[in-house]
Amino acid sequence: MNDLAGIWTLRDAQGSYDVAMAIPGDGVSALLAAGKIADPYVGRNEYDTRWIADRDWTATRQFDFDGSGKQELEISGLDCVAEVSLNGTLILTADNAFRTYHVDVTDHLTSGENEISIKFKSNTVEAKRRQAAQPYYVPYSVDNCPIPDGNMLRKVQCDFGWDWNIALAPFGVLGKIVIHPAAVRIDAIMVHQTHREGAVDLDITVDLRGQPDGHPFTLEVAGQEIRGSVSGESINANVSIADPQLWWPAGQGDQHLYDLTVSVGDQTETRKIGLRTLELISEPDEIGRSFLFTVNGRKIFAKGANWIPQDALGSNVTPEATRDLLQSAVDANMNMIRIWGGGRYEADWFYDLCSELGLMVWQDFMFACNIYPADNAFLADVDLEAREQVKRLQHHACLALWCGDNELIGALTWFPETRANRDTYLVGYDRLNRTIETALKQTDPRANWWPSSPSPGPMSFGDAWHDDSSGDMHFWSVWHENKNFEHYRDVNPRFCSEFGFQSFPSNRIVKSFADAEDMNLSSPVMESHQKNKGGNERIGATMFRYFRFPEGFENFVYLSQVQQGLAIKTAVDYWRSIKPICMGALYWQLNDTWPVASWASLDHGGDWKLLHHMAKRFFAPISVSVYEKDGEVRFVGVNDTSEPVEIELLRTLIDMDGKMTDLPPLKGIVGTDAAVTLGTLNPAEIPADHILGYYWRASDGASGGNHFTPVPYKNLLLKNPQISADITTDGNQVKIKLSTQTLALFVALEADVPGKFSSNAFMMVPEWGEEVTFTPADGNAEAAAKTITIRDLWSSSHRV
């Protein structure tokens, strides 16, 4: 086999650039590595690098070949409109980054040195050309995409910009590129499971390419081996596994995985499979239409976030960095991520990680927020794309759902053209959606399917942004419509698959792209790292509603993260408390593709923002939701586990000095996967200049606590807490022991180096100290200890 990964030479059509390019990788990263462009993530350099997408580029390399027999080129992640030539002969034209291409190159290879080249046509020029060729204008989201017509190309849609992403429209090869013998190749391995008492029956189908008929094969799983000869173009085998060890989502049980190994010809492939049933239950009920997942017959409240590409540039995407992000999701008590339809179908190792970690995956097909072509050629290509991706991903234990698109139903009402001629665009959408559904169901008839997100349900085109009665909901009224946080408690979604509130990236991240003179909300650099129109204004306006305005830029960044966490906590606490009406909350968004103001709870690079620390608490398997509704403060015990628990809730009134006056405790049994009101309180019982603190412990050993205030934080007469810190090091960790003189709210620690704090954004009173650990990414605790900064709500609005 000739693996063509490695260093290629990249040249532009004008002859101005000649640089080394690593493949897999993208062209923008190649130019950056060669020192030909400034880092597009820094300052306003993005705008000085968009010209790259306007040019044609060609990547070439030489390789030696000494094989014989029939040979095949296999290439995946070819992004996007490209022509591949071998020894000067055109062998492939491609235009879909989500497909794998196989080309017989037997007659084009020579013994000894060969040259292969890939001409990448300009994404912007090609998109414009294809738009002009449409029988009618096909609108795209102008607000999201400063580079136009990205909906014409089958590539990552947010490459053209989004309201959180840089716009560079990069090109490259992000998958594999190999030449190998074409005799017999394993194309896909699909596994269907039938669960019965004490056993699981596996129906295994292995699709093959080449000339497999008659070749011997071996299949091994769970200590069993099946040998035989291929009949036709596939292998079909049945295996029964007695006393199976089941796979469960995180927080529900173990993530046991079995190795399934298939050998045929000279090829051996191994898949990790988990034994489980995973069903979407969506049925008409007295409210409207339910939406929930069951795993192994157990109802699961889905807790998680939306996933966007790990990085805006494909060269920066690595399994190690991705694992870190996914591990952070699990560490924050998440059990599901939604792979959003404007990104990419992730690599196989991504889904292996999710299965290993217990993260269920809601998988969108890659269509988002635009109108798309509906001509026969486009739909035929989509059909092939969908079938390939469904086959490739079907065996993964984590895969919970295939969804047709992101917000395409809503897009039918967003553009002047679609509103003026709705029938034309509705028919086009229906053709696209049916193409996807048909491809899915013919490839994997047992797959869970949902037509669009948000959607009230099959064959429904209702307003799932405001109707909370059916299906999944995207609830954006708090952010986009400037509603207050309490508005989250005005809706009772069956499953909320998008909701969010922005904050700024952490101060260390801001320093990575902005100079000191740029650290002003309205500076050109800060505005260029805010891609949502009016976003900075909305963050600031919300602060006026809830907080005393911060003193200085760094405190503004801190407070933006506090209020982001409070927004999402308000939603999740309430929606978890009303289950089983609501059975899922996936906030927007988990991660960032570059350093930017956004809705993410993880900074670009993976450090935790304050929201993520709060999420670890409000997503805890057992928790207590405390909120005011209908004139009373409610205390609701929430249990996501498979066993009932008894919860004891201690309540105390805390004045501004931090003095505590206990209230009668509450106690109650919270059943399996249930939410139970433990008690209520008249908010008038909380005196002025007091907050309500609470601490709970459960019979299984779980515990937690937080605070509640009936008035906006700006109304509290907080005092200088004079927080003191004893900072020491222990191996590769920094240990911080904190104490306070008065009540201190949202105490937050920062470091000027990458790493993770064990806790953050917590309350302190004089009687309770707090110990926090910081683990720097580079392991240099001595250096990290010198960079620790401590903030709190009082100090954020005072010069100290």
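This passage describes three sites in a predicted model, namely the surroundings of Glu113, Ser528 and Gly35.

At the surface, a negative patch is formed by four acidic residues, Asp64, Asp66, Glu113 and Glu115. Of these, Glu113 has its place in strand β11, which comprises residues 112-120. The relative accessible area of Glu113 is 57%, and the residue is therefore classed as exposed, the threshold for this class being over 50%.

A contrasting environment is found for Ser528, a residue of helix α11, which covers residues 524-528. Ser528 has a relative accessible area of 2% and is counted as buried, because this value falls under the 20% limit. The side chain of Ser528 takes part in polar contacts with backbone oxygens. One of these involves Val525, whose backbone oxygen is reached by the Ser528 side chain at 2.7 Å, and another involves Gly43, whose backbone oxygen lies 3.5 Å from a polar atom of that side chain.

Gly35, in turn, is located in the loop that runs between helix α1 (27-33) and strand β5 (57-65). With a relative accessibility of 58%, Gly35 is assigned to the exposed class, since the value is over 50%. Between Gly35 and Ser452, which stand 417 residues apart along the chain, the separation of the C-alpha atoms amounts to 43 Å.

Taken by accessibility, Glu113 is thus exposed, Gly35 likewise counts as exposed, and Ser528 is buried.

Terms used
Residues are numbered from 1 along each chain as its sequence is written. This is a predicted model: local features need pLDDT of at least 70, side-chain atom pairs count only at pLDDT 80 or more; totals for chains, interfaces and linings use all residues. Side-chain values use heavy atoms; hydrogens and water are left out. Patches are made of residues with over 30% relative accessible area and no salt bridge: like charges are joined within 9 Å, nonpolar side chains (Val, Leu, Ile, Met, Phe, Trp, Tyr) within 5 Å. Accessible areas come from the Shrake-Rupley method with a 1.4 Å probe; for residues, only the protein chains shown count as cover. A salt bridge is a side-chain nitrogen of Lys or Arg within 4 Å of a carboxyl oxygen of Asp or Glu. Lys and Arg count as positive and Asp and Glu as negative; His and the chain ends are not counted. The place of a charge is taken as NZ of Lys, CZ of Arg, CG of Asp or CD of Glu. Helices (H or I, at least four residues) and strands (E, at least two) are DSSP runs, numbered from the N terminus. Buried means under 20% relative accessible area, exposed over 50%, partly exposed in between (1.4 Å probe, protein chains only). A polar contact is a pair of N or O atoms within 3.5 Å; within protein, one must be able to donate a hydrogen and the other to accept it, and residues adjacent in sequence count only if both atoms are side-chain atoms.
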